[in-house]
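Morning, everyone. Let me walk you through one model, strand by strand and ring by ring. Have a look at it first.

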Amino acid sequence: MNKTYKIEKYEAEIEAKAYIEGFRRAEYFIQFCQQCRNYGHRYGCPPFEADSLTLIEGYDRVRLLGVKMTPEDKTLPLEAAGDLMVPVIGELNEELLALEQELGGYAFGFVGTCPYCGGAPCARIEGKPCRHPEKVRPSLEAIGFDISQTAKELLGLDIKWSHDGRIPEYLTLVCGIFYREQG
């Protein structure tokens, strides 16, 4: 399989209150999480021990990061998307954690397979503590943010979906960090 692709990065800033009020619809999106096989089985997925809104209380800014990945091979099956995204997700997670340290905020990464457990099942399944709590973060969608709206309105990206079993024209990743403005 041809794993080459072009990457374009996007960034946006917004006040936390405006982002929460304009882009968060937790009651709507939780129903999709509940239909997913990862619901309650991964530490980055709901349900969470506390109201997810408590994770972002007290922050006044949000920095959003987006990546548009355009594969050179337009004939790849949709199943290839995960393999293409894994290295990029790993890099973005490390960038997010560094920003979290630098800004003193709280990062939100990606849903799916944990990039830190090497493919091992999540410890949550067995009722054990997370193996990497210093690194694992929920995604923005896991706490109810509309990623399609975020991508379009704040990053200028339309999310593309597969309709023919083939990888879409491009893949989109969206993540972010809530933080307190300095000063």
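Start with Leu173. Leaving out residues up to four places away in sequence, Leu173 touches Leu65, Gly66, Val67, Met69, Met85, Val88, Ile89, Leu92 and Phe110. Keep in mind that this is a predicted model.

Now the core around it. Leu173 is among the residues with the most contacts inside the largest nonpolar core, together with Met69, Met85, Leu92 and Leu171. That core has 22 residues. Strand E2, helix H3 (80–103) and strand E4 each supply at least two of them. Which element gives the most? H3 does, with 10 residues.

There is also a second, separate core. It has 20 residues, including Ala16, Tyr19, Phe108 and Phe145. We will come back to some of those names.

Next, the strands. Take E2, residues 61–71. Of its 11 residues, 11 are buried, so E2 is largely enclosed by the rest of the structure. In general, side chains in a regular strand alternate between the two faces of the sheet. Look at E2 with that in mind. Arg61, Arg63, Leu65, Val67, Met69 and Pro71 point one way. Val62, Leu64, Gly66, Lys68 and Thr70 point the other way. All are buried, the arginines and the lysine included.

What does E2 pair with? On one hand, strand E1, residues 5–15. E1 and E2 run antiparallel and are joined by 11 bridges. Glu11 has Leu65 as its bridge partner in E2. On the other hand, E4. E2 and E4 also run antiparallel, with nine bridges. Two spots to click on: Met69 stands opposite Leu171, and Arg63 has Ile177 as its bridge partner.

Now E4 itself. Nine of its nine residues are buried, so E4 too is largely enclosed by the rest of the structure. Both faces are covered. On one side sit Leu171, Leu173, Cys175, Ile177 and Tyr179. On the other side sit Thr172, Val174, Gly176 and Phe178. E4 pairs with strand E3 as well, antiparallel, over three bridges. Phe108 stands opposite Gly176 there.

Let me zoom in on Phe178. It is found in E4, residues 171–179. Is it buried or exposed? Buried, because its relative accessibility is 0%. Phe178 and Arg63 are 115 residues apart in sequence, yet their C-alpha atoms are 6.6 Å apart. The contacts of Phe178, again without residues up to four places away, are Ala16, Tyr19, Ile20, Ile56, Tyr59, Arg61, Val62, Gly105, Tyr106, Phe108, Leu140 and Phe145. Ala16, Tyr19, Phe108 and Phe145 in that list are the names from the second core.

That brings us to the rings. How many aromatic pairs are there? The count is nine. One of them is Tyr28 with Phe29: centres 4.9 Å apart, planes at 85°, so edge-to-face. Tyr28 is partly exposed, since its relative accessibility is 43%. Phe29, at 16%, counts as buried.

Compare Phe145 and Phe178. Their ring centres are 6.0 Å apart and their planes are at 45°, so this pair is tilted. The pair links distant parts of the chain, 33 residues apart. Phe145 sits in the loop between E3 (106–108) and helix H4 (147–155), while Phe178 sits in E4. Both are buried. The two also belong to one aromatic cluster with Tyr19, Phe23, Tyr106 and Phe108.

Some rings have a charge over the face. Arg137 lies over Tyr106, at 5.3 Å from the ring centre. Tyr106 is part of the cluster I just listed. Lys68 lies over Tyr170, at 4.4 Å from the ring centre. Lys68 is one of the buried residues of E2.

Last topic: cysteines. How many disulfides does the count come to? Zero. Take Cys130 as a case. Its closest cysteine sulfur is in Cys122, 6.1 Å away, which is too far for a bond; the cut-off is 2.5 Å. Cys117, for its part, is buried, with a relative accessible area of 17%.

To recap: E2 and E4 are largely enclosed by the rest of the structure. They pair antiparallel through nine bridges. Met69, Leu171 and Leu173 are among the best-connected residues of the largest core. Phe178 belongs to the aromatic cluster. Over to you.

Technical notes: Residues are numbered from 1 along each chain as its sequence is written. This is a predicted model: local features need pLDDT of at least 70, side-chain atom pairs count only at pLDDT 80 or more; totals for chains, interfaces and linings use all residues. Side-chain values use heavy atoms; hydrogens and water are left out. Helices (H or I, at least four residues) and strands (E, at least two) are DSSP runs, numbered from the N terminus. Buried means under 20% relative accessible area, exposed over 50%, partly exposed in between (1.4 Å probe, protein chains only). Contact means heavy atoms within 4.5 Å. Rings of Phe, Tyr and Trp (its six-membered ring) pair if their centres lie within 6.5 Å; planes under 30 degrees apart count as stacked, over 60 as edge-to-face and the rest as tilted. A charge sits over a ring if NZ of Lys or CZ of Arg is within 6 Å of the ring centre and within 35 degrees of the ring normal. Two strands pair if DSSP finds at least two bridges between them. A nonpolar core is a set of buried Ala, Val, Leu, Ile, Met, Phe, Trp, Tyr and Cys residues joined through side-chain atoms within 4.5 Å.
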